[in-house]
Each structure stands twice: as structure tokens, then as C-alpha cells.
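Please work through the exercises below with the sequence and the model open beside you. Each exercise sets a task and is followed by a solution in steps.

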Amino acid sequence: MPFNENKATEYTREGALDPPEGTVITPPSELAGASTVSENQENAKAGAPPASGANPTVASLDRVRIDASGQALTTNQGVPVADNQNSLKAGVRGPALLKDFILREKITHFDHERIPERIVHARGSGAHGFFECYEPLDDVTRASLFQEAGKRTPVFVRFSTVAGERGSKDTARDVRGFAVKFYTDEGNWDLVGNNIPVFFIQDAMKFPDLVHAVKPEPHHGMPQAASAHDTFWDFVSLMPESTHMLLWVMSDRAIPRSFRTMQGFGVHTFRFVNEDGDSTFVKFHWNPKQGTHSQVWDEAVKVSGADPDFHRRDLWEAIEAGDFPEWELGVQLFTEEQAESFSFDVLDATKIIPEELVPVQPIGRLVLDRNPDNFFAETEQVAFCTAHVVPGIDFSNDPLLAGRIHSYVDTQLTRLGGPNFHEIPINASISPVHNNQRDGMHRQGIHRGRVAYEPNSLAGGCPYQAGSAGFVPFPEPIEADEVRGKPEKFAEHFNQATLFFNSQTPPEQAHIAAAFRFELSKVTVPAVRRRVLSMLRNVSEDLATQVAEGLGMPLPEAMPRAIEPPTPEIDQSPALSLTARPGQVGVRSRKVAILVAPGVDAGQVERFRGPLLKAGAVVRLVGPRIGPLEAAGREVLEADCSLENEPAVVFDAMVIPGGTAHVETLMKDGRATEFLKDQYRHCKPIAVLGEAVGLAESAGVLRDDADSGLFLQGEGESSVVAKFIEAVAAHRHFAREKDPPLV
């Protein structure tokens, strides 16, 4: 290699836009790239020379998956352990000895089994799966995963709550993380998103302030996994750009029914870049096939007491049962010219682009079909970084995104112990990894040769720069001064909050008002509550009035606006309501309780259980205790849940069969009445058969109001089963909801 023939191109615009491939020389012998000419001396540890261009650290996880079946216990050094019951002592009653290296290794490793938890998104649940492309998108992006219909890309997905610690509850009112790691054949792409399409702040400069405000207050460490406290509302009431996000967080979106029934969003505006270097703006949407469903607040509070792992368990059990969760990936594609015409700025993370302005185009599906083998090794150690993009996907100038590009990588350096976190198996790419990075803590790869720089001639120029086949950033023209500031459109803070509120159904609007009422009632400083009310007056006078009345406060003056608001393009967007997203799978995986006690009518049990199971529902027989019980006619049924261990809040619907002795038993058990009341209060479908009408009457759920979710045997058993299944698919029946509840 007499000279670096590519050097001159480094100083030209053409070279910047279309960099050349690096010069490669094929050496006369493979030993030219070796660390030592003795590498052919093989043994069980050193092994054989690698295949040309190989990096086994990025092979599938099979290379590190361990099975101890039939194997003896050893130390970390492979030494067989003779006795794992006793430490080494000077006599059976003597002191333990320092030289017990087996005890010291075991205890030392145990002491260091916990790594620093994530500052945010600490509590998470993950699963493996695949993404399948519908049709080629080569006209807008060169990203390899979008180049072929039917192409499947492995993924690992982690869902999380944001504010709580690793041991917090699943059902807190909070934003949920929705992070997807695509193991593409051109490297890893991390789409690090949330279940809400906007955020609290516009600039990454404010992110530490936001997190400090929402975390437990430092003087007493409370509250855990909750935003109902002074410091959070003090901060957001001084940051009116948070208003839109607050409406989403106070809505039912913040208490999802399960991870499987959440939408996901990339939040920011990204770029697709095609082979010709043309850019198209893109926003990413994940839409669950199961539908987008939520809990009600009273239900979420009770679920957290009954099962703090409710969402984690739901995801795990669905996958174990073969009912694989599925989402459709949709994109909003738009040009810079379109972006300029909007009344809002697409670089502002507190704004959405309503689907009426830019429709969501489905481009593929995500299926989660395998649970992790080990929670720590995979779900806890997985590292998502917004900076991880692949050729064909690039960034916009969103100032919040810019900070995340740096912050996520920087965080992993501390959390996972150094710069080699990419070599942890769950983080490793499945495409070849070759570069000149060396050393650092926990390095796994053993590199051959003496060259760790580029350009070089001693390794034949390898690894060489990929040129235009590699990642080439979109050359966005920039002509501006360096300033600390925001565009004027960023100063409009309330139009889209109003759009969101106006797009909700009356029950959803009532839930938003109730959420503000609850959260602000926990705020002890009246001035903070007044500031929030002044913000809400710019969103909806009706909302502000409801919240003020619930707090026993007069309405303050509306908060002054930063600018005269532009006229919004639309006033309502039906797609923003949960009722617009019922799902495509009917009652599949919905959990239905059938209350049973001795003397129950077994025929009525089977008339419901059979069709429900056939439709894909999960049916549980819930009794005063678990185990066998004798039904009417001496048939034996098996109660697999009890009123004690599976309360009503973990079920999506319930059936109470008839049977005189059965109903008499339930009438004497206050838990059965409470079970029925909770199902009614939380607007879930209920079927009451035969003598069970007496239980419903005593619980006060048989009211004169029309109720599409309450079914009595009097309608005819054949029709009531079909109608009940249809009602379960509809999820909730809010017509019966009252504030305060009548039952």
C-alpha cells in the first residue's frame, strides 16, 4: 500500500456525501493478520484460528446458553464442589477459615449480583420476537429490514414504567416505556419509545429537572412510583409546555390493562433516507392487535395490592400459553414542506401530528413469541440507546432527541460497568462487528493481530471503512447562529392539549378530571394547585371547573400564554380515544371468572365455559377455596382460584351460575358480594343466571338503568352466552359508571 489513495476525498463535499470504500489488500498469508505465528497450536481453551472475517461474539445466544442438567456443581473456575452445605471450619464447632475459597467466591459473587438500576424505566419486562415487513419501502428508506416483503428481523422488546424503582408496582399511574431492539443484518436499531406519543419537555436540558421532580422527594423518599406530590406538580405547573403530556398521563392511557394492550410511539420525528440520499420525515406508531385498553383507577389501585407484578405476569403467561402478543408498526411519512405548513413544529416533542393531517400507514408487524431464559441476563442487562440507528434511518433536529442520543449511551457506561456493554450477549449484534476499539472493563472479544487503527497497511487495510455502503448522515443544510433558544412555534402549549381532551368520550373526560382531582389533592401547597388550574383553563373551561370543584377551590385567572395561539388545523381527532381501538382479536386472552361453590349448576358452568374457551378466553373457576367441589347432581368441578387469592380486579368479566345451595353459600361470603361489586363498579361484563339473581340484588347491581354489560338468564341461555361474549370483547361498559359510585 504505497499511499492512502482515499485521503484526498476527505476534503471534498463529494467525499462527504458519497464516501469511498476503504482500500483492501488481500495478504499472501492469513498469518499476516495474526497476533502470533503459533496460532495453529490448538488446545481445548485456545481453540483453532478463527474463520476469515469471523466474530463469534455476535453469534446467536446459543453460544452462551447454559444447561446444568446432569452436571455436578462447580466453582466459577470449574472446580467440582464436594460440599455445598457447610463452610470450612477449624473443627465442626470451630471458627470459619479465611482459606475457604469456595465460600468466599460464593458470597462475594452474591454481594455483587445487583447492578445499578436504571435511573428511569427501572422496572421492566421483556420478551423476544420478530418484526415482519409487509412490503418493500425502498422508495423512502434503504434500511435493510424494510427492503423485502415477508422479511423477518429478530427483536427484543422491553416494557417498563418510568418513575418507579425496580421493585415498584406494575399498575402505577405512569408513562410506560416501549423499547424495541431490532437485530438487523446491518447492525442494531433501537426504537426507544413510550406508550404516549408526546413528552413533558421540549429540550433535553430540562430532563434531569423533570426526573428529579417526579422521583420521590429527597427529604423523606416518598412517594414511590407516583406523581401525586408537590415537587412534580410544582415543576410542571411552571413548565406550561407539559400541559399536553399531563392530559395524556391523567387519562386512561397511564393505567393500561396490560403491556399487550398498549400503543407504542417513537415520540420524536425521525428521518427515513433512501439509496439516493433523499430524506422523508417519519413518526413511528405501534398498534396492538389486542386493542388499546386500560384499567379504571379504583381497579388499578386494588390490582397493585393483589398482584404488584400484574403486567409482568400477564405478558409472561400469554407467551407461555402460545397466545403471542402482536402489534402493527405504522408510520406517518411527510415532507419538510408539509412540516413547515403545520401550525405546530414537528421538532417539538410535546406535539403530535393528528392522523387527519398525516394518516398512519401500516408497514409491518411485531410478534413476541419467546420469553427470556433469564431475567437478569436479558431483560435487566439489555441496553437501549437512541443513538443506535442503521443506514436508512437518521435523526431530526428535535432538541430533546439530541440529548437522548448522548444520554442513553452515557448511562449504560455506568450501569453496565464500562464501554463494552455491547458485548453482553443480549446486546450483541447479529451482524458482523469489526472495529479498532480495544480493552476496557469486561472485554469479551480476543482480537488477533497487532493492528488497532485505520488506515493501516500491516493488516491489509482491514477493517476498512465501508464507504457509501455504510451509514452516511443526511446532509441537512444549516445556516444559523449558535444560540440557546427555541423556535416560536414551540411557544404554543395548549392547542393540542385541548385537541386531546375534546377527542375523548364523556367517560374518558370524566376519568381525566378525576385523575387531576386525585393527584392535586395530594399536593400540599395551594399555590401549586392554583397554577395547575390556571393551566387547565387554557385547555378546557369545563375540565378546569370540574377539577376546581373537586378540590374545593375557586377558579384562578387563566395562565398567560407565551404567544397568541395559531388556529389549529382540527378540533377533534377520534383516533385519540381508546374507544377507537377495540382490537382485532375479540375475547382472545381475556380472563373470565365463573363463581362456583358446592351445589352449583354444572350445566350452566359448561354452557359458558365451552364457548368462552373456544373463542380464546382464559376461564377460571373461582370458589370459596381452591380444589374439588361437588356440583348439583354430584358432578365434581375443580376450582382453580379462590375468592381469597384471585380478586375480581384481575378478571375482565364474570359469570355467576345458578344453583340453590351454591348461591346460599355465596350469599354468606362477603368476598363474593365484594367480587361482584368490583366487577360492576369497574364496568366489566357480568352474567347472572338462575338463583344468582338474589346475590345480584343483595349487592345492589340490578338497577333500572340500561346496561349493555349486565346479562340475566331471563333473556334465554342460548342468546345470553353469545351476547356476553360480545360484551367481553367490548372491554368496558361505561354507561353504568357514576361518580361517586352508586355501588
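## Exercise 1: The nonpolar cores

In this predicted model, the largest nonpolar core has 56 residues, of which Phe200, Trp233, Leu247, Phe516, Leu543 and Val547 touch the most other members.

Task: Establish which helices each supply at least two residues of this core, and then work out where the core lies with respect to domain 1 and domain 2.

Solution. Begin with the helices: those that each supply at least two residues are helix 3 (207–214), helix 4 (230–237), helix 5 (243–249), helix 11 (495–502), helix 12 (506–521), helix 13 (526–536) and helix 14 (541–551). Next, set these beside the domain division, in which domain 1 covers 124–220 + 245–427, domain 2 covers 490–580 and domain 3 covers 591–736. Because domain 1 and domain 2 both give residues to the core, it lies between them. As a last step, note that another core, of 36 residues, lies apart from this one and includes Val157, Leu315, Ile363 and Leu368.

## Exercise 2: Two residues and their surroundings

Task: For Trp233 and Met535, list which residues each one touches, leaving aside neighbours up to four places away in sequence, and decide whether Met535 is buried or exposed.

Solution. Take Trp233 to start with: its contacts are Ser227, Ala228, Leu246, Met250, Phe516, Glu519, Leu520, Val523, Val528 and Val532. Turn then to Met535, which is part of helix 13 and touches Val236, Ser237, Pro240, Thr243, Leu246, Phe494 and Met559. Leu246 therefore appears in the list for Trp233 and again in the list for Met535. For the burial of Met535, the relative accessible area is 1%, and the cut-off for buried is under 20%, so Met535 counts as buried. A distance completes the entry, since the C-alpha atoms of Met535 and Asn427 are separated by 43 Å, with these positions 108 residues apart along the chain counted as their separation.

## Exercise 3: The open sheet

Task: Determine in what order the six strands of the open sheet are arranged, and explain why strand 15 and strand 18 each have one side without a neighbour in the sheet.

Solution. Reading across the sheet, the order is 15-12-11-16-17-18, and the pairing is parallel. Strand 15 (641–642) and strand 18 (710–712) stand at the edges and have a single partner strand each, so one side of each is left without a neighbour in the sheet. Within the sheet, strand 11 (residues 591–595) runs parallel to strand 16 (residues 653–656) and is joined to it by three bridges, with Val592 having Ala653 as its bridge partner in strand 16. Helix 17 (residues 670–681) packs on the sheet, where it touches strand 11, strand 12 (618–623), strand 16 and strand 17 (686–688), and its direction makes about 135 degrees with that of strand 16.

## Exercise 4: Backbone details

Task: Find where the cis peptide bonds before Pro223 and Pro463 are placed, and then examine Ser589 and Cys683, which have a positive phi although neither is a glycine.

Solution. The bond joining Met222 and Pro223 is cis, with omega about -5 degrees, and Pro223 belongs to the loop between helix 3 and helix 4. The bond joining Cys462 and Pro463 is also cis, with omega about -10 degrees, and Pro463 belongs to the loop between helix 10 (399–415) and helix 11. For the positive phi values, Ser589 has about 75 degrees and sits in the loop between helix 14 and strand 11, whereas Cys683 has about 65 degrees and sits in the loop between helix 17 and strand 17. Ser589 is buried at a relative accessible area of 14%, and Cys683 is buried at 0%.

## Exercise 5: The annotated span and Glu336

Task: State which residues the "Catalase core" annotation covers, and describe the surroundings of Glu336.

Solution. According to the unreviewed UniProt entry, the domain annotation "Catalase core" covers residues 74–462. This span is 22% helix and 19% strand, and its end C-alpha atoms lie 41 Å apart. Glu336 is in helix 8 (residues 336–341) and counts as partly exposed, at 35% relative accessibility. Leaving aside neighbours within four places in sequence, Glu336 is in contact with Arg271, Phe281 and Phe474.

Methods. Residues numbered from 1 in each chain as written. Predicted model: local features only at pLDDT ≥ 70, side-chain atom pairs only at ≥ 80, totals over all residues. Heavy atoms only, no water. Domains from an automatic or database assignment. Core = buried A, V, L, I, M, F, W, Y, C linked by side-chain atoms within 4.5 Å. Buried < 20%, exposed > 50% of the residue type's maximum accessible area, 1.4 Å probe, protein only. Helix = DSSP H or I, 4+ residues; strand = E, 2+ residues; numbered from the N terminus. Contact = heavy atoms within 4.5 Å. Pairing = 2+ DSSP bridges. Axes fitted to C-alpha atoms, helices over the stretch in contact; angles between N-to-C directions. UniProt positions renumbered as here; feature names shortened; annotations may be inferred.
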